[in-house]
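Please open the model in a viewer and keep the selection tool at hand. The stops below are to be taken in order.

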Amino acid sequence: MRSTKALGYYLITGEILKKLPEVGLSAITYIYNNILRTGYFPGQWKVSQIVKILKPGKHAEDVKSYRPISLLPILSNVFEKLFITRIQPILQSTHIIPEHQFGFRRKHPTIEQVHRITNIIHRAIENKYCTAAFLGISQTFDKVWHEGLLYKLSTFLPDNMYRILQSYLMNRYFRTKYREAYSSLRQILAGVLQGSVLGPLLYLIYTADLPTLVNSTTATFADDTAILTVHEDPTMAVHRLQMHLNKIQSWLKTWRMKVNEAKSVQVTFTLNKMTCPPIKLNNDHLPQADEVKYLGIHLDRRLTWRKHTTTKLKQLDLKLWNLYWIISRKSHLSLENKLLVYKVILKPVCTYGIQLWGTASNSNLEILERFQSKVLRIITDPPWYVPNTIIKRNLQIPTVKQEA
């Protein structure tokens with residue numbers, strides 16, 4: 001546990017734990033063993049302190065302009081890390097977490113999930129229709145129904161583990177801190193704890209039985225959900241997608257979750273001019289679009305990657321503007337450190353997902369190639385007659401096409 005972790009309600013830091021004598025560590029071990037034996041989670045560890053961080057560019061007077069950060073007792077987080085090692089073997093043996101869920105799982109990066117989707121689209125785009133619904137679930141982690149979650153946990157966990165998680169979830173409280181002032185304690189009636197070790201895993205368990213169908217593809221990364229269907233007939237593709245969404249709608253109602261229709265969209269991927277008919281969710285038509293952003297990658301109707309490269313260029317230009325003072329010729333930073341700034345901050349943004357969009361046409365790749373050349377010229381400040389190819393060769397920086 002990091003020594004610099006912010007103080008929460010319990011006022012014990014990682015530095016204090018590291019400097020405890022052997023008798024103190026023995027006492028903590030005694031507490032942990034008794035939690036496992038009795039199934040009782042200490043009440044003082046079930047209080048979270050909420051601090052609010054103002055979002056960039058937002059008005060301080062609006063309560064929605066703040067991002068709440070939950071600070072939990074360190075001793076609780078340490079216990080959760082130990083406890084989760086006991087749950088993982090059970091999850092693996094029972095296959096509770098579905099294969100389509102990539103969120104919060106080791107060796108399941110975001111780009112692999114996008115790869116699954118683009119692979120399906122590529123196979124269908126030339127002579128078929130691929131229609132997809134990208135769903136945004138409202139306040140996902142905050143709306144988990146405790147009784148429903150406990151019911152699902154009781155179906156596969158041993159009784160002693162179930163009782164620990166029952167005690168862990170029930171009778172939790174929070175208070176909000178603003179400067180030196182504190183609110184009164186309020187009870188948490190729903191949701192999994194954001195900032196906790198167990199929270200993400202409990203959410204995956206709660207949503208593990210999301211309905212799937214044979215004729216459609218489900219792709220989830222935590223609460224980011226995509227449903228795809230493929231068929232030669234656009235009407236049949238929409239019919240299959242609508243059947244799947246009807247089942248998801250019924251599931252959401254049963255487990256007290258809700259889709260945010262304003263953040264959901266339907267996209268038709270095809271080289272044909274015709275667009276698939278609209279679909280409905282909660283008796284409302286989902287808005288249709290020619291592109292969508294999924295896990296940081298912009299997917300357009302024909303998979304040309306034009307939207308992705310132009311959007312990345314705008315993002316990179318903004319970052320370059322903020323970094324210009326430190327990498328320009330007026331900066332006293334060494335060339336090696338200027339290159340390090342580029343490789344650590346700008347290049348990861350530029351190359352994220354390049355194994356997918358790297359197949360784009362040369363005209364689209366040139367959009368980011370020109371940006372890279374501009375940055376390297378700013379860093380090195382060469383005479384005007386030195387070509388970009390020489391600069392990249394001397395700095396040992398591959399071109400975007402070579403990187404792909």
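**Arg172 and its surroundings**

Select Arg172 first: this residue is buried (under 20% relative accessible area, 1.4 Å probe, protein chains only), yet it has no salt bridge (a side-chain nitrogen of Lys or Arg within 4 Å of a carboxyl oxygen of Asp or Glu). The nearest side chain of opposite charge, Glu80, is 5.7 Å away. The model is predicted, so local features need pLDDT of at least 70 and side-chain atom pairs count only at pLDDT 80 or more, while totals for chains, interfaces and linings use all residues. Residues are numbered from 1 along each chain as its sequence is written, and side-chain values use heavy atoms, with hydrogens and water left out.

Add Tyr168 to the selection. Its backbone oxygen lies 2.7 Å from a polar atom of the Arg172 side chain. The charged end of Arg172 also sits over the Tyr168 ring, 4.7 Å from its centre (the criterion is CZ of Arg or NZ of Lys within 6 Å of the ring centre and within 35 degrees of the ring normal).

**Aromatic rings**

Tyr168 also belongs to a cluster linked by ring pairs (centres within 6.5 Å), together with Tyr32, Phe41, Trp45, Phe79 and Phe83.

Next, select Tyr206 and Trp255. Their ring centres are 6.1 Å apart and their planes stand at 80°, so the pair is edge-to-face (over 60 degrees). Both Tyr206 and Trp255 are buried. Finally, show Lys152, which lies over the face of Trp255 at 4.0 Å from the ring centre.

Note on methods
Buried means under 20% relative accessible area, exposed over 50%, partly exposed in between (1.4 Å probe, protein chains only). Lys and Arg count as positive and Asp and Glu as negative; His and the chain ends are not counted. A polar contact is a pair of N or O atoms within 3.5 Å; within protein, one must be able to donate a hydrogen and the other to accept it, and residues adjacent in sequence count only if both atoms are side-chain atoms. Rings of Phe, Tyr and Trp (its six-membered ring) pair if their centres lie within 6.5 Å; planes under 30 degrees apart count as stacked, over 60 as edge-to-face and the rest as tilted.
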